[in-house]
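User: I would like a close look at a single part of this structure, namely one charged pair and its surroundings. Please work outward from there in a connected account, giving the reasoning wherever a residue is classed by its exposure.

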Amino acid sequence: MFKLILYACAFLLGSALMAFEIIVARMLTPHFGGDLYTWAAVISVVLFAMMVGYFIGGRLVDWRPSLHWAAAAAALAGLWLLTFDLYAGDMFVALSDYFLDEHQGVLVAAFLAQIVPVTALGAYSPIAVRVALQSVAEAGRVSGEIYAVSTIGNVVGTLGAAFFLIGTFPLSSSVFAMGLICLVCAAALYVAEAYFRTPQPQDAPAPGPA
């Protein structure tokens, strides 16, 4: 049950991450255009935020091995997505009016929209890998499986948003649904840590994040 929850959340959070990326690009289009610069800004911010998330998640879980870090990260992303529609439109309008150079404007808009939730979701995989390890001998297999499942979720989220969500539902409703998914994952991860995880000898906390 513990690994089932880990892998299911890897898939769902990976789907939410990439679906949000596609939807943000679509939301930016009326204000900054939908050209190469918009997509470059959105993709670059996602990659940067995932890098930050990998770094933070890895450091935190080595300091104190617990799936509660992943639950907190998913909850943060979920709350950000649930409230995104309250300020996103006004923020994009203000930025498009403020920046005379639309290339700078779209980069700032993409950064402000995505940096928090994507960083939080990016932290999930290194945390999940660390707490799922039973021994160092299986590190390659476990990390490969979790990142593979997350990447499958990325693919499903990308195609689902582009071919189904955007043409079927309002963008705000899709983002809200992704926020709910993140909160459900947060609750599941908290339960998994509290009731299904067996602590391992390598779970002794490190002295502290240097």
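Analyst: Asp-62 has a relative accessibility of 40%, and because that value falls between the limits of 20% and 50% it counts as partly exposed. This is a predicted model, and what follows should be read as a description of that prediction. The partner of Asp-62 is Arg-130, with which it forms a salt bridge whose closest N and O atoms are 2.9 Å apart. The pair links distant parts of the chain, since Asp-62 belongs to helix α2 and Arg-130 to helix α5, with the two positions 68 residues apart in sequence. Arg-130, in contrast to its partner, is buried, because its relative accessible area of 16% is under the 20% limit. In general, side chains of opposite charge can pair when their charged atoms come close.

By the rule applied here, the count of salt bridges comes to two. The other one joins Arg-141 to Glu-145, and its closest N and O atoms are 3.3 Å apart. Arg-141 and Glu-145 are four residues apart in helix α6 (residues 139–168), so about one helical turn separates them. Arg-141 is partly exposed at a relative accessible area of 41%, and Glu-145 is likewise partly exposed, with a value of 30%.

The two helices that hold the first pair also lead to other features. Helix α2, which spans residues 36–63, is one of the elements that give two or more residues to a nonpolar patch, the other being α4 (102–122). The patch lies on the surface, covers about 350 Å², and is made by Phe-48, Met-51, Phe-111 and Leu-112. Phe-48 has its place in helix α2, and with a relative accessible area of 40% it is classed as partly exposed.

Helix α5 (residues 124–132), which carries Arg-130, packs with helix α1 (residues 2–32) at an angle of about 170°, the axes being 11 Å apart. Because angles over 145 degrees count as roughly antiparallel, α1 and α5 are described in that way. On the α1 side the residues in contact are Phe-2, Lys-3, Ile-5, Leu-6, Cys-9, Ala-10 and Leu-13, and they meet Tyr-124, Ala-128, Val-131 and Ala-132 of α5.

Helix α1 also packs with helix α3 (residues 68–98), where the two axes come within 10 Å and cross at roughly 10°. An angle under 35 degrees counts as roughly parallel, and α1 and α3 are therefore placed in that class. Among the α1 residues that meet α3 are Leu-13, Phe-20, Val-24 and His-31, while the α3 residues in this contact include Ala-74, Leu-81, Phe-84 and Phe-92. Leu-13 thus appears in the α1 contact with α5 and again in the α1 contact with α3.

His-31 deserves a separate word within this packing. It lies in helix α1 and is partly exposed, with a relative accessible area of 27%. Leaving aside residues up to four places away in sequence, His-31 touches Phe-92, Val-93 and Ser-96, and these three residues are listed on the α3 side of the contact between α1 and α3. His-31 and Ser-174, by comparison, are 143 residues apart in sequence and 20 Å apart in space, C-alpha to C-alpha.

Helix α3 then leads on to helix α7 through another histidine. His-68 is found in helix α3, and at 35% relative accessibility it counts as partly exposed. When residues up to four places away in sequence are not counted, His-68 touches Tyr-190 and Glu-193. Tyr-190 lies in helix α7, where it counts as partly exposed at 48% relative accessibility, and its contacts, under the sequence exclusion of up to four places, are His-68 and Ala-71. The C-alpha atoms of Tyr-190 and Ser-66 are separated by 9.6 Å, although these residues are 124 apart along the chain. For His-68 and Met-18, which are 50 residues apart in sequence, the C-alpha to C-alpha distance is 23 Å.

Ala-177 also lies in helix α7, which covers residues 171–196, and is partly exposed with a relative accessible area of 36%. Its C-alpha atom is separated by 8.4 Å from that of Leu-81, the two residues being 96 apart along the chain. Leu-81 is itself one of the α3 residues that meet α1.

Key. Residues numbered from 1 in each chain as written. Predicted model: local features only at pLDDT ≥ 70, side-chain atom pairs only at ≥ 80, totals over all residues. Heavy atoms only, no water. Patch = residues over 30% accessible without salt bridge, like charges linked within 9 Å, V, L, I, M, F, W, Y side chains within 5 Å. Areas by Shrake-Rupley, 256 points an atom, 1.4 Å probe, with all protein chains shown as cover. Salt bridge = Lys/Arg side-chain N within 4 Å of Asp/Glu carboxyl O. Buried < 20%, exposed > 50% of the residue type's maximum accessible area, 1.4 Å probe, protein only. Axes fitted to C-alpha atoms, helices over the stretch in contact; angles between N-to-C directions. Parallel < 35°, antiparallel > 145°, perpendicular 65-115°, else oblique. Contact = heavy atoms within 4.5 Å.
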